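Good morning, and thank you for coming. Please look at the sequence and the structure as they appear, and I shall then go through several features in turn.

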Amino acid sequence: MSSQLIALLFDGLIETLVMVGVSGGIGALFGIPLGVILILTDRGGILQNLTANRVLGLAINAARSTPFIILMVAIIPFTRLVAGTSIGTAAAIVPLTIAAIPFIARLVETALREVPSGLIEAADAMGATPLQIVVKVLLPEALPGIVAGLTITFVSLIGYSAMAGAVGGGGLGDIGIRYGYQRFLPEVMLAVVLVLIVFVQGVQSAGDRLVRKLSHR
């Protein structure tokens with residue numbers, strides 16, 4: 001493997017790390033609260049509001065059901081408004097973030113449902129406010145499940161970022177398309193695939209290790 005190819009792959013890996021890290025971080029910032037709201041406003045929740053729950057659920061399901069490549073194209077005007085361009089790493093972060101938010105929200109909702117209702121009822125009986133129940137009961141008890149969900153999200157975002165490369169999003173996917181496919185360089189395509197496999201394995205292993213640590217704290 002030439003030094004030029006190594007440098008190219010390294011630059012692509014850094015771009016992919018930026019895309020996945022920023023979009024995953026912002027996605028978690030919005031997705032976790034949405035997941036909490038879904039639980040609190042559901043039937044039997046401490047802030048039950050079925051109308052708000054259904055409206056929010058429909059919006060999240062609509063976003064999740066849109067294929068990522070279609071989402072990227074559909075929100076190009078919004079991407080230009082936010083990032084100032086529709087190509088490159090910065091532009092790819094916008095659709096990646098929008099794809100991550102509803103995905104994380106549903107995974108967080110699932111993790112929170114695993115918290116025993118008795119703990120919530122006990123906290124409520126002791127006079128805890130909804131915010132205290134969320135911060136001191138729901139989130140700490142569901143933390144291993146939330147981390148597992150975030151791990152799944154980051155792995156999915158790695159795949160999405162590779163798709164973004166097909167339409168000028170930068171990163172490893174862009175290198176694979178431009179050099180491996182369009183210039184008929186199979187060794188570049190193979191190298192990109194191997195780097196992505198190692199990247200995904202590293203993220204998954206780190207997430208699994210953190211989940212095990214939190215589960216035995």
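Glycine 118 is partly exposed, with a relative accessible area of 41%. In this predicted model, glycine 118 lies in helix H6. From glycine 118 to leucine 172, one counts 54 residues along the sequence, and the C-alpha atoms of the two are 47 Å apart in space.

Helix H6, which covers residues 117–125, leads us to the largest pocket. Its volume is about 290 Å³. The pocket is lined by 15 residues, and those closest to its centre are Ile39, Gly44, Gly45, Ile46 and Ile120. Which elements give two or more residues to this lining? They are H1, helix H5, which comprises residues 89–113, and helix H6. H6 gives the most, with four residues. By class, seven of the lining residues are nonpolar, three are polar and five are charged.

Let us turn to the helices themselves, beginning with H1. Helix H1 runs over residues 3–40, which is 38 residues. At 1.5 Å a residue, a span of 56 Å should result; the end C-alpha atoms are 54 Å apart, so the two values agree. H1 nevertheless has a bend of about 30°, located at alanine 28.

Now compare helix H7, residues 130–165. What span would a straight helix with the 36 residues of H7 reach at 1.5 Å a residue? It would reach 52 Å, but the end C-alpha atoms of H7 are only 43 Å apart, which falls short. H7 also bends, by about 65° at leucine 143, and proline 144 follows within four residues.

Helix H7 takes part in a further feature, the one aromatic pair that the structure holds. A pair of aromatic rings is described by the distance of the centres and the angle of the planes. Here the partners are phenylalanine 68 and tyrosine 160: their ring centres are 4.8 Å apart and their planes stand at 10°. Planes under 30 degrees apart count as stacked, and the pair is therefore stacked. Phenylalanine 68 belongs to helix H3, residues 68–74, while tyrosine 160 belongs to helix H7; with their positions 92 residues apart, the pair links distant parts of the chain.

Are the two partners buried or exposed? Phenylalanine 68 has a relative accessible area of 6% and is buried. Tyrosine 160, at 27%, is partly exposed.

Tyrosine 160 also appears in the lining of the largest cavity, together with Ala99, Ala100, Phe103, Thr153, Ser156 and Leu157. The structure holds one cavity of 30 Å³ or more, and the volume of the largest cavity is about 40 Å³. H5 and H7 are the elements that give two or more residues to its lining. The largest share, four residues, comes from H7. By class, this lining has five nonpolar residues, two polar residues and no charged residues.

My final item is phenylalanine 184. Where does phenylalanine 184 lie? It is found in the loop between helix H8, residues 171–181, and helix H9, residues 186–215. Its phi is near 55°, a positive value in a residue other than glycine. The relative accessible area of phenylalanine 184 is 70%. Since exposed means over 50%, phenylalanine 184 counts as exposed.

Thank you for your attention.

Definitions and conventions
Residues numbered from 1 in each chain as written. Predicted model: local features only at pLDDT ≥ 70, side-chain atom pairs only at ≥ 80, totals over all residues. Heavy atoms only, no water. Phe/Tyr/Trp six-rings, centres within 6.5 Å; stacked < 30°, edge-to-face > 60°. Buried < 20%, exposed > 50% of the residue type's maximum accessible area, 1.4 Å probe, protein only. Expected span 1.5 Å × (residues − 1). Bend = angle between axes of the 7 residues up to and from the residue. 1 Å grid on protein atoms, 1.4 Å probe; cavity = no way out; pocket = protein on both sides within 12 Å on 5 of 7 lines; lining within 4 Å. Points joined across faces, edges and corners; volume = space filled by probe spheres on them. Nonpolar A, V, L, I, M, F, W, Y, C, P; charged D, E, K, R; others polar.
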